[in-house]
Amino acid sequence: MSGEHAEPRFEDDEFSRLAIDLGYVTHEDMQRCKQIQSRTVGRRSKYLETIALEHEVLSEKEIEELSKGKRKSTVPERIAGYEIRSILGKGGLGTVYRAFQTSMKRDVALKVLADKWTSDYEFRKRFLLEARIVGKLSHRNLIQVFDVGQEDGRYYFSMERIDGTTVQELISQGPLDPVAAIDIVIQIADAVRYIDVQGLVHRDIKPSNILLTRRGVAKLGDFGFVKSNIDHMLMKQDYILGTPDYISPEQAMGNETIDSRSDIYSLGATFYHMVSGCPPFDGSESTILRQHVRVEPPSIREVAPSLPNGLSRVIERMMSKHPEDRYPDAGDLIQDLRMVKMQKKFGGKKVDAGRSTLIEAVNLGHVRTEKQRRIAAGLRQEIDRLQTQVRWLMISLVFTMLILAAVVIVHLLMGGGTQ
């Protein structure tokens with residue numbers, strides 16, 4: 001049944017509380033259902049129970065068991081050398097468990113693919129191939145994949161388990177401090193730069209996939225592993241693997257050839273949410289997909305007017321509709337972010353765009369839109385201002401060094417006279 005209940009069994013508050021308390025869904029699952037509910041435009045809002053059924057968060061059988069007050073008992077006890085302890089999360093591709101790897105004596109996060117995807121041969125083949133490739137990656141800001149395999153038709157991979165929080169949980173409490181957000185984005189951009197060198201694209205950067213350790217290290221997890229005909233099937237059914245809030249235009253259109261600039265866009269949309277408190281677009285899932293392709297997001301300067309100008313320009317460039325108008329790679333993005341962060345901490349009243357954006361503005365031979373022409377003109381002015389600042393800084397440094405040298409000479413002369 002697809003969720004056409006005339007009489008849902010639960011009111012929303014009761015359904016949310018019971019489904020979480022009895023182990024049928026995670027807090028993130030329920031938050032996603034509430035986000036979908038809030039996007040109901042021009043028609044009566046659906047019950048959370050109905051949304052959970054329509055988006056396959058819960059099945060009819062699970063709803064029936066929940067109505068009887070039964071605790072979820074479908075968690076497997078063991079999979080291929082892993083002892084299952086509890087559910088960490090559940091998404092479109094499958095379920096993530098907290099597990100213990102008996103051979104290595106360590107806690108892990110174990111992701112098991114949902115049965116509905118394992119019937120697709122191409123899906124299974126590419127999942128195993130790409131998971132093994134990702135398993136060879138090693139970077140401080142990537143969740144480490146330990147193992148991948150299958151047992152009795154169940155496909156899984158195990159990952160490093162992070163004892164911390166997610167960016168999604170942080171922004172649910174409000175916008176982040178700009179410097180804190182910059183720190184996180186720089187770390188994730190460094191991970192994007194690393195996987196780009198390996199010839200890979202993450203394809204699923206979003207707040208819930210960025211985890212923070214207790215020491216403040218940001219880690220990117222949960223690659224969008226498999227891209228096959230399932231992508232097109234899901235789009236036709238108005239169903240996305242996860243939220244479409246951060247998807248790049250080329251990915252939303254189903255382009256086969258995407259590169260790291262797609263990840264830069266998704267990171268930009270995530271950045272937008274981090275500093276503004278809301279995603280770039282709102283509406284139904286299909287509406288949001290169309291907006292990513294065709295509509296400019298609300299100006300970050302209007303949504304968050306207190307943001308430094310330089311930070312606003314970086315986000316705008318990250319979220320350019322055309323890949324060629326974005327940062328060509330994550331290295332240039334990191335350079336600009338470090339400049340903005342430095343000016344935010346030490347530069348006084350205004351924070352402006354960084355070096356690579358400014359230099360490129362000077363060399364810009366053509367621009368596509370009036371908006372880009374305005375941005376380019378503003379960036380050229382910033383070059384002149386920054387060059388003036390640098391000249392005065394150099395003069396100040398030379399003057400200071402001369403004074404120090406004079407003090408040292410006087411001190412030595414006076415000391416010599418005393419002897």
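Among contacts in this chain (heavy atoms within 4.5 Å) between residues at least 6 apart in sequence, 63% join residues at least 24 apart. The model is a predicted one, where local features need pLDDT of at least 70, side-chain atom pairs count only at pLDDT 80 or more, and totals for chains, interfaces and linings use all residues. Residues are numbered from 1 along each chain as its sequence is written, and side-chain values use heavy atoms, with hydrogens and water left out.

## The chain as a whole

Let's start with the overall picture. The chain has 17 helices and nine strands; these are DSSP runs numbered from the N terminus, with helices being H or I of at least four residues and strands being E of at least two. Of its 419 residues, 49% count as buried. Here buried means under 20% relative accessible area, exposed means over 50%, and partly exposed lies in between (1.4 Å probe, protein chains only). The accessible surface comes to about 21,600 Å², and 53% of that belongs to carbon and sulfur atoms; the areas come from the Shrake-Rupley method with a 1.4 Å probe, and for residues only the protein chains shown count as cover.

What about disulfides? The structure holds zero of them, a disulfide being a pair of cysteine sulfur atoms within 2.5 Å. Two cysteines are worth a look all the same: Cys-33 counts as buried because its relative accessibility is 1%, while Cys-278, at 29% relative accessibility, counts as partly exposed.

## The six-stranded sheet

Six strands make an open sheet in the order E1-E2-E3-E4-E6-E5, with antiparallel pairing. Two strands pair if DSSP finds at least two bridges between them. Strand E1 (78-79) and strand E5 (145-151) are the edge strands, each pairing on one side only. Helix H6 (residues 121-135) packs on this sheet and touches strand E4 (106-113), E5 and strand E6 (154-160). The direction of H6 makes about 155 degrees with that of E5; axes are lines fitted to C-alpha atoms, for helices over the stretch in contact, and angles run from 0 to 180 degrees between N-to-C directions.

Strand E2 covers residues 82-90 and strand E3 covers residues 94-101. E5 and E6 form a hairpin with two residues between the strands, and there Asp-152 takes a positive phi near 50 degrees. Within E5 and E6, Val-148 stands opposite Phe-157, and Gln-150 has Tyr-155 as its bridge partner. E6 is mostly covered, since five of its seven residues are buried.

Here are some of the antiparallel pairs, with one of the residue pairs from each:

| Strand pair | Bridges | Residue pair |
|---|---|---|
| E2 and E3 | seven bridges | Lys-90 and Thr-95 |
| E5 and E6 | six bridges | Val-148 and Phe-157 |
| E4 and E6 | five bridges | Leu-110 and Ser-158 |
| E7 and E8 | three bridges | Thr-166 and Leu-211 |

## The three-stranded sheet

The other sheet to visit is open too, with three strands in the order E7-E8-E9 and antiparallel pairing. Strand E7 (164-166) and strand E9 (218-220) stand at the edges, each with a single partner strand, so one side of each is left without a neighbour in the sheet. From one strand to the next, the twist averages 30 degrees. Helix H8 (residues 178-197) packs on this sheet, touching E8 and E9, and its direction makes about 40 degrees with that of E9.

## Nonpolar cores

A nonpolar core is a set of buried Ala, Val, Leu, Ile, Met, Phe, Trp, Tyr and Cys residues joined through side-chain atoms within 4.5 Å. Which residues of the largest core touch the most other members? Of its 64 residues, they are Ile-184, Phe-271 and Leu-337. H8 supplies the largest share of this core, with ten residues. Leaving aside residues up to four places away in sequence, Ile-184 touches Val-167, Leu-176, Ile-210, Leu-212, Ala-218 and Met-274. Apart from the largest core lies another one, of 18 residues, including Phe-15, Cys-33, Ile-36 and Ile-63.

## A closer look at Gln-291

Gln-291 is found in helix H12 (residues 285-294). Is Gln-291 buried or exposed? Gln-291 counts as buried because its relative accessibility is 19%. Not counting residues up to four places away in sequence, Gln-291 touches Phe-281, Asp-282 and Lys-321.
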